[in-house]
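Trainee: Could you give me a close look at the third chain, with its charges and its odd backbone spots? I'd like it in one go, cut-offs included.

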Amino acid sequence: MSTQQAEPESQEAPEDPSMKGAESPAAEEQKGGGMVDDHAEKAAELEGETVHIKVFRYDPEVEGKQEPRFDDFHVPFEKGMTVLDSVMYARDEYDSSLTFRHSCRQAVCGSDAFFVNGKQRLGCKTQISDLEQPVRIEPLPHQEVVKDLVVDMDHFYDQMHTVEPYFQDEDTPPVDDLEEQRQSQENREKIKMSSRCIWCGACMSSCNIAAGDNEYLGPAAINKAYKFAMDDREGEEIKEHRLRILEQEHGVWRCQTQFSCTEVCPKDIPLTEHIQELKREAVKKNLKFW
Amino acid sequence: MAERYSSFTPGGTGWFLQRITAAFLVVVLAFHFFLLHFVNHAYEVTFMQTQLRMENIGYFLTMVLFLVTAAFHGVNGVYNALVNQGLEGTQKKVVLAVLTIAGVGLVAQGIYVALAMRGMI
Amino acid sequence: MYEHDVIVVGAGGAGLRAAIAANEAGADVAMVTKLHPVRSHTGAAEGGINAALQEGDDWELHAYDTMKGSDYLGDAPAVETLAQNAPEETINLEHWGMPFSREDDGTVSQRPFGGLSYPRTTYAGAETGHHLLHTMYEQVVKRGIQVYDEWYVMDLATTDEDDPNDRECHGVVAYDVQSGNIEGFKANNGVVLATGGPGQAFDHTTNAVSCTGDGHAMAYRAGAPLEDMEFIQFHPTSLPSTGVLISEGVRGEGGILYNSEGERFMFEYGYANNSGELASRDVVARAELTEVGEGRGVDDEYVHLDMRHLGEERIMDRLENILHLAEDFEGVDGLVEPMPVKPGQHYAMGGIEVDENGQTCVDGLYAAGECACVSVHGGNRLGGNALPELIVFGKRAGQHAAGEDLGEPEIRTGYGDDVEDETDTELPVAPGKAGLETSGSVAADGGMATDAEGVLQRKVETAREHVDTLMDKDDGVQHAEIRAKLQQAMTDYVNVFRTEEGVKKALEIIRECREEYQDVYVDDPSRTFNTDLQQTIETRNLIDVAETIALGALVRDEFRGAHWRKEHQERKDEEWLKHTLISWDDGSPSIFYRPVILEGENKTYEPKERSY
Amino acid sequence: MSQSYNRGLIEDFGRWKEFSAGMWAWIFHKFTGWMLIGYLFTHIAVLSTSIGGAQGETIMVDGESVNVYTGTLQGLEGLFLIRLLEIGLLAVAVFHILNGLRLLMVDLGIGLESQDKSFYASLVLTGAITVASVPTFLTGVGI
Ligand SMILES: Cc1cc2nc3c(=O)[nH]c(=O)nc-3n(C[C@H](O)[C@H](O)[C@H](O)COP(=O)(O)OP(=O)(O)OC[C@H]3O[C@@H](n4cnc5c(N)ncnc54)[C@H](O)[C@@H]3O)c2cc1C
Ligand code: HEM
Ligand code: SF4
Ligand code: F3S
Ligand code: FES
């Protein structure tokens, strides 16, 4: 196990032979033919090879990292290797200052959404053999970069909190009665997908509208509100209150149905559909007053 | 925790009318195109023909309604687009005023033109 | 310096519940957590929450099952508290909007689970933990409870009287991961540790990267003993590359385990001639490792779990999520090839010794959740019993810390007249100490601070000095190297199979790790989001925790629950109906035992053969 | 918080190659919408010659005096450039209509799974209709 350190290498000089990691000229030839569905086949091809990753680096405090750059790493490939595995390997073996959030390694904590080869993806849920090399790994766009792949999530959390993301109902039976509120299976099914969100922020990062309008609630927060608004256990009045929040200028109307949120969501939540449904609900509610 | 938004300006009406007008426009615009480019050819249009068509009250009214909806749809669309780009405060009010005036002007001039075509002016 | 009545360290299920309870009891509570709450590992739990809700079911049955499952090493007062309170706490979650799966009549669904005499596992799809975590975080948002997220707690501000029972905890020292600032958090009433499991002590685990046993190690060094650390549950089917859990459901539906020769080894080699693949978790896990050990493992590492014969239709219908897991995390298509699996560390039954109110022997120091040991799980945790533990004991700890009267606990904590000292086990190496220590007495005037603020201030100084030392060194060993060595040793020698020789070997390697740790340095010079620094500190905690696991495994020479010893393959009730306790004692760990409490409210639980 | 790095807007548009169907649809719809409203203003302006026309105003075309409305329109129609622009207008309008229909469907929650396919379909159809109508648009143009 080596703790070898190589000189930082900038994006401008991608052909620099002093690349980090295990030297492997073969990796150069190993240009994948784009997205391959059958990764088993692809993986077999890669066995014993290395994977070339290009990772975005930035650190406001460190000389030479204040100007963002890309570092190259060559990581030995193993079957089943994910993008997260590759950066973890690079960090543990080559450069311990490589920084990113991660925790569960199983797509439930939502820490490791990165911008991988031009798309928001969860590092731990993306097989590296599915990607074209070199694999470009960047922090999520539209959020400020704190360091390397770590972005500032505060704004995302603020938006999530804005929609009053908690169950509200006045007439739940007393807990001592051990009586639960009733909910039909259909209604549970209706909110099922929306309740899967792991707050990874990929959707928000992919949305051009959210990028342009900082106050736009964004797909994740709207989806969170959807989960409550569509839950029959909450009363009509609260639902109307929720719709009023969503109808704000920076609420649902901002969505221009670009669908990129739906495309990147690692939990396959039909975000656009949920947003559209809320628009219709809001219109219906307003029509009632006319 | 982030503050809650408190300005109550539901953008729903504009959004809704944009869809309603769009649905109407699909029909009339298709009709319009057909009539003036395929049935009659634009290059053959003469004042006489136009006058003839306009004298039909149904056609006249359709065209006026077409104009009104298209103007609304177009101007409202531009307004929404600008608002979506983050237009705020006074700027927003000014844009709204300018667009309204332009829209109303367009419709007024258009009706004036249509009346002229009917020979009513 | 920040100041609150109650400081909750950790924001998983246990921490969130504690914070809500303390808030409801009127305390000013704040949570300090190294991950944003929704990132906590509670989110990974799939199965469900055990609670006797239905007519015909009864908390006493739940208590009985739990006691039996614990192999009679659970303390009856704790087990009964769990069983009595789980229904109310589960219903409470429902009232907070948790999306439980439903029956036709709209009531919450419950399903059968291993070791339960009644279907009482309440679930929300296959993502119960996710919903539990998010529902409780929502309640924290609703109540406006202050959350310091991405603040890493380094140490407890505990006074240093000689006897841990006399010590008092006044707060914690934490550093802001984003800026690197080290600050003190003063707790006027109490500190609740809810830092989760220590799974990262092992090379292969279903636990998150963040499960580094920080709370264990901090409490341990502050004087609270760690209890029953040798009891580690291993899950037989986790994916080799990531440790992602492949649910027991696959075997339940008829999935078959094969070795590299293509033999169905569970029957072929007689590991379980009756139930085969469906034998209990520990049996299957041991069988798999035996196969690998005897050279019949695939790639010398794992075995194959094959479900292809079930047919696409059945798989899609019942096991669809397994296909996704295998595909996403292992790159394997379960429809066309068998899935690689191997045993993975899954859960720690032991933890910081606490009573039913969550309190440790150190005044003002509480622990709840997986980091604590009340003890409800004893030698073996039943599936679906960890989540109710979080909400039941999380709540109690929060309430007690906020000053609510919960009555006198029946469980005693700390070294006292009711314990028995360990006498005869010879250790291969001296455990403890020899980590990177900084001088404890920074107080300028030499006097020992005893007032809360003084204690906290001194700890903050020590922590700053500690971090400076780590950062200033620019040569030495990196944490990743030590951590990898430690994890490998634990997986090699303190895994499912434990031999005296092996465990001793592990202790020697742990000692080496300690010594290497003295040369540890942080390469990343930045104060901004320095994960290198954080992991370096975590590695130190892992060393301490791993050592207690190995020590416990060495002294307990019997086979009970999840703990198996090659030389002692039977349960020894005359000798071992007692908890193992390990106390840090300023770096020279001492081991002692406290008898298990089998007398419940209405009955005494008589140890019986644990057979299902 | 300490310093952080904002990559700004430039980067967003620098990524245009990575835009997905929905994003392109949005950009095109915007563009065509603005073209159309712009055209509507010009259109009314041109048609305004009918006011004079109704009062019998004339202009000279090829030495002949014709109604100013007829003259202006036919004069414009006689220009090849105008014909090309008309074809462009048709394309713009057809796309806006087709994609507008697609958007209406999306608003009603119909066929969301194939939103990308319907966008491509709109593009292809627009192309086809435009090409098919070229002959009609070019008949009788005096070069
Ligand atoms: C894959 C899997 C499936 C499971 N399925 C089930 C099941 O079906 N049923 C069941 O009952 N149990 C199940 N369990 C067990 C159960 O989920 C866990 O025991 C439980 O979630 C632990 O919760 P916790 O609150 O104690 O800790 P965690 O949820 O792990 O939270 C720990 C918290 O502490 C914080 N923290 C840690 N160290 C520090 C520090 N130094 N400073 C500040 N903060 C810190 C972290 O940020 C985090 O917020 C499962 C476990 C796993 C791994
Ligand atoms: C014929 C059928 C038409 C249909 C179906 C249609 C449909 C739509 C729809 C649905 C929108 C809203 C897009 C959104 O908010 O996401 C829109 C926007 C717009 N439309 Fe139309 N439209 C039609 C005709 C016209 C005409 C004739 C004009 C010009 C006068 C026009 C000008 C605009 C403009 C300017 C916008 C705003 C574009 C933007 O978002 O920037 N449309 N159209
Ligand atoms: S909606 Fe999907 S993409 Fe957005 S934060 Fe939630 S899980 Fe991530
Ligand atoms: S990407 Fe943005 S525009 Fe709407 S559909 Fe998704 S929120
Ligand atoms: S590491 Fe938790 S989602 Fe990827």
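Mentor: Sure, and let's fix the exposure scale before anything else: a residue is buried when its relative accessible area is under 20%, exposed when it is over 50%, and partly exposed in between, with a 1.4 Å probe and protein chains only. Residue numbers start from 1 along each chain as its sequence is written, while chains are lettered from A and ligands numbered from 1 in the order in which they are written. Keep in mind that this is a predicted model, where local features need pLDDT of at least 70, side-chain atom pairs count only at pLDDT 80 or more, and totals for chains, interfaces and linings use all residues; side-chain values rest on heavy atoms, with hydrogens and water left out.

Start with Asp162(C). Its relative accessible area is 77%, so Asp162(C) is exposed. You'll find Asp162(C) in the loop between strand S7 (151-158) and strand S8 (169-176) of chain C; helices (H or I, at least four residues) and strands (E, at least two) are DSSP runs, numbered from the N terminus.

Asp162(C) also belongs to a negative surface patch, together with Glu161(C), Asp163(C), Asp166(C), Glu168(C), Asp363(C), Asp585(C) and Asp586(C). Patch members have over 30% relative accessible area and no salt bridge, and like charges are joined within 9 Å, whereas nonpolar side chains (Val, Leu, Ile, Met, Phe, Trp, Tyr) are joined within 5 Å. Lys and Arg count as positive and Asp and Glu as negative, while His and the chain ends are not counted. The charge is placed at NZ of Lys, CZ of Arg, CG of Asp or CD of Glu. The areas come from Shrake-Rupley with a 1.4 Å probe, and for residues only the protein chains shown count as cover.

Asp586(C) from that patch leads us to Lys433(C). Setting aside neighbours within four places in sequence, Lys433(C) is in contact (heavy atoms within 4.5 Å) with Asp586(C), and also with Arg514(C), Trp584(C) and Gly587(C). Lys433(C) sits in the loop between strand S18 (420-421) and helix H12 (452-472) of chain C. With a relative accessible area of 39%, Lys433(C) is partly exposed. If you want a long yardstick, take Arg296(C): from Lys433(C), it's 137 residues away in sequence and 41 Å away in space, C-alpha to C-alpha.

On to the pairs. Side chains of opposite charge can pair when their charged atoms come close. The cut-off for a salt bridge is a side-chain nitrogen of Lys or Arg within 4 Å of a carboxyl oxygen of Asp or Glu, and searching the whole structure gives 68 of them over all chains.

One of them joins Arg527(C) and Asp468(C), at 2.9 Å from N to O. This pair links distant parts of the chain, 59 residues apart: Arg527(C) is in the loop between helix H14 (500-517) and helix H15 (531-555), and Asp468(C) is in helix H12 of chain C. Both ends are partly exposed, Arg527(C) at 29% relative accessibility and Asp468(C) at 32%.

There's also a bigger cluster to look at: a network of salt bridges links Asp71(C), Asp228(C), Glu230(C), Arg556(C), Glu558(C), Arg560(C), Arg571(C) and Asp573(C).

Asp228(C) deserves a second look for its backbone. Though not a glycine, Asp228(C) has a positive phi of about 50 degrees. It lies in the loop between strand S10 (226-227) and strand S11 (232-238) of chain C. Its relative accessible area is 0%, so Asp228(C) is buried.

Tyr72(C) is another non-glycine with a positive phi, near 60 degrees. You'll see Tyr72(C) in the loop between helix H2 (59-69) and helix H3 (76-95) of chain C. At 1% relative accessibility, Tyr72(C) is buried.

Last backbone stop: the peptide bond from Val374(C) to Ser375(C) is cis, with omega near 10 degrees. Ser375(C) is in the loop between strand S17 (372-373) and helix H11 (386-401) of chain C.
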